[in-house]
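Here is a short briefing to read with the model open beside you. It goes from the loops to the ligand and then to the pocket.

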Amino acid sequence: MSKSFAVVGHPIEHSRSPELHHAFAQKTGLDIDYQKRLAPLDGFASNIKSFFASGGCGLNVTVPFKEQAFELCDVLTERAKIAKAVNTLWMENGLLHGDNTDGQGLVNAIQSLGWSLKNSKILILGAGGATRGVIYPLVQAGATHISIANRTIERAQQLVNDLKAHVTQAELSVLPLNDLNGDFNIIINATSASLSGEALCLPKTVHFEYAYEMAYGKVSSFLQQAEQRQVPTSDGFGMLVGQAIEAFYIWNGVKPELSDFLTLAPSH
Ligand code: NDP
C-alpha cells in the first residue's frame, strides 16, 4: 500500500506540492500518495490529528498554519526552533516531530544557481515568516553579514533581536525599506509585495551582484528592476522545489536532485 502524505493550508488549491512530491516519487521509484488538505481556519489541530490517526505518514504545512504547527510539536529540529515555524510534520514513537525546510530550500536553490554564499553579504527585504526561516540556514551556509529591511522597521528589529543569539557567526543589522543603501552580494525579496502586485523601489544607493525573488510564477517589479541592472536573477521556484526535496528526504530517506525538477517551473 502506498504511503500517505499531504499539504495542509487555507487556501490550498494553488499548492504545487502534490505535483512535486509525485514527481520525486516517480523519479526515485517510491509509491506515495500526496493530497491537498483544506483545514478550517479554526480547525488545524484536529485536522492534522485525524490525518495521523488514519495512518498518514507526513504533512507539509503552509499559510497560515506554520506557527500553529510549531506550537503543536512535541519534538523540534534546531532550525524549526529558531524559525518558530514548522512546514514539515511527521510522527515518531507517538510524538509529533516538526522541521522547517524553507531555509535549506533557499540555500540549495541559490547554490544550484552557482551564487556563492561563502563570506557573503546579504540584504533581505521583508521581515515576515519567510525571512525568519531563512536566516539561520543562510548563515550556516556561510553568509557573514545579513541586513534586513522592512516596511515596519520595528518588526525587522524584533527579528534581529530574536535571532542574534543563534547566529553569532554573522552580523545582523536593520535597514529602513525606504532608504536602502550599501553594497551586497545578494539581495533577496522576501516581502509579499510581489503577490499583491505592489512595487518595491530599489534605489541607486543600493548595489548587488545577484537578485533572488522568493515569489514565483510572475515577473515582479523587484525582478524587473534587477534585470534592468543586468545582474543574474531568479524567482522562487527553486526554493519551492528545494524545501519539498528536504521534506521528501526527511520522510523517505531518499534525496531527489534539485536540477531534475526545475523544468516543472510555471511559465511567466
Ligand atoms: P509574511 O506575511 O509573513 O510577511 C510579509 C512581509 O512582506 C512583511 O515583511 C511585510 O512588511 C512585507 N510586505 C507586504 N506588503 C508589502 C509592500 N507592499 N511593501 C513592502 N513590504 C511589504 O509572508 P512570508 O514571509 O510568509 O512570505 C513572504 C514572501 O515569500 C511571499 O511572497 C511568499 O510567497 C514567499 N515565499 C516563497 C517560498 C518559496 O518556497 N518560494 C516559501 C515561503 C515564502 P510589514 O512587516 O511592514 O507588514
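In this briefing, helices (H or I, at least four residues) and strands (E, at least two) are DSSP runs, numbered from the N terminus. With those labels, proline 64 can be placed in the loop between β3 and α3. Please keep in mind that this is a predicted model.

**Backbone features in the loops**
- Most residues other than glycine have a negative phi, and most peptide bonds are trans. The spots below are worth a look with that in mind.
- The bond joining valine 63 to proline 64 is cis, and its omega is near 5 degrees.
- Another cis peptide bond runs from histidine 10 to proline 11, also with omega near 5 degrees. You will find proline 11 in the loop that links β1 (3-9) and α1 (17-28).
- Asparagine 119 is not a glycine, yet its phi is positive, at about 55 degrees. This asparagine belongs to the loop between α5 (102-112) and β7 (121-125).

**The ligand and its shell**
- There are 23 residues around the ligand, and the ones that come nearest are Ala130, Asn150, Arg151, Thr152 and Arg155.
- By type, the shell holds 12 nonpolar, eight polar and three charged residues.
- Three helices each give the shell at least two residues: α6 (129-140), α8 (193-196) and α10 (237-252).

**Backbone contacts to the ligand**
- A polar backbone atom of alanine 130 is 2.7 Å from an oxygen atom of the ligand.
- For alanine 127, a backbone N or O atom lies 2.9 Å from a ligand oxygen atom.
- With methionine 214, the ligand partner is a nitrogen atom, 2.9 Å from a polar backbone atom of that residue.
- The ligand taken alone exposes 930 Å², and the protein buries 80% of that area.

**The largest pocket**
- The ligand takes up the space of the largest pocket.
- This pocket has a volume of about 1,500 Å³. Its lining counts 49 residues, with Val63, Ala130, Thr191, Ser192 and Leu195 closest to the centre.
- Ala130 therefore deserves a bookmark in your viewer: by the criterion of a heavy atom within 4 Å, Ala130 is among the residues that come nearest to the ligand, and Ala130 is also one of those closest to the pocket centre.
- At least two lining residues come from each of β3 (58-61), α3 (66-72), α6, α8 and α10.
- Sorted by type, the lining has 21 nonpolar, 20 polar and eight charged residues.

Key:
Residues numbered from 1 in each chain as written. Predicted model: local features only at pLDDT ≥ 70, side-chain atom pairs only at ≥ 80, totals over all residues. Heavy atoms only, no water. Polar contact = N/O pair within 3.5 Å; in protein donor to acceptor, adjacent residues only side chain to side chain. Areas by Shrake-Rupley, 256 points an atom, 1.4 Å probe, with all protein chains shown as cover. 1 Å grid on protein atoms, 1.4 Å probe; cavity = no way out; pocket = protein on both sides within 12 Å on 5 of 7 lines; lining within 4 Å. Sits in = over half its atoms within 2 Å of the grid points. Nonpolar A, V, L, I, M, F, W, Y, C, P; charged D, E, K, R; others polar. Points joined across faces, edges and corners; volume = space filled by probe spheres on them.
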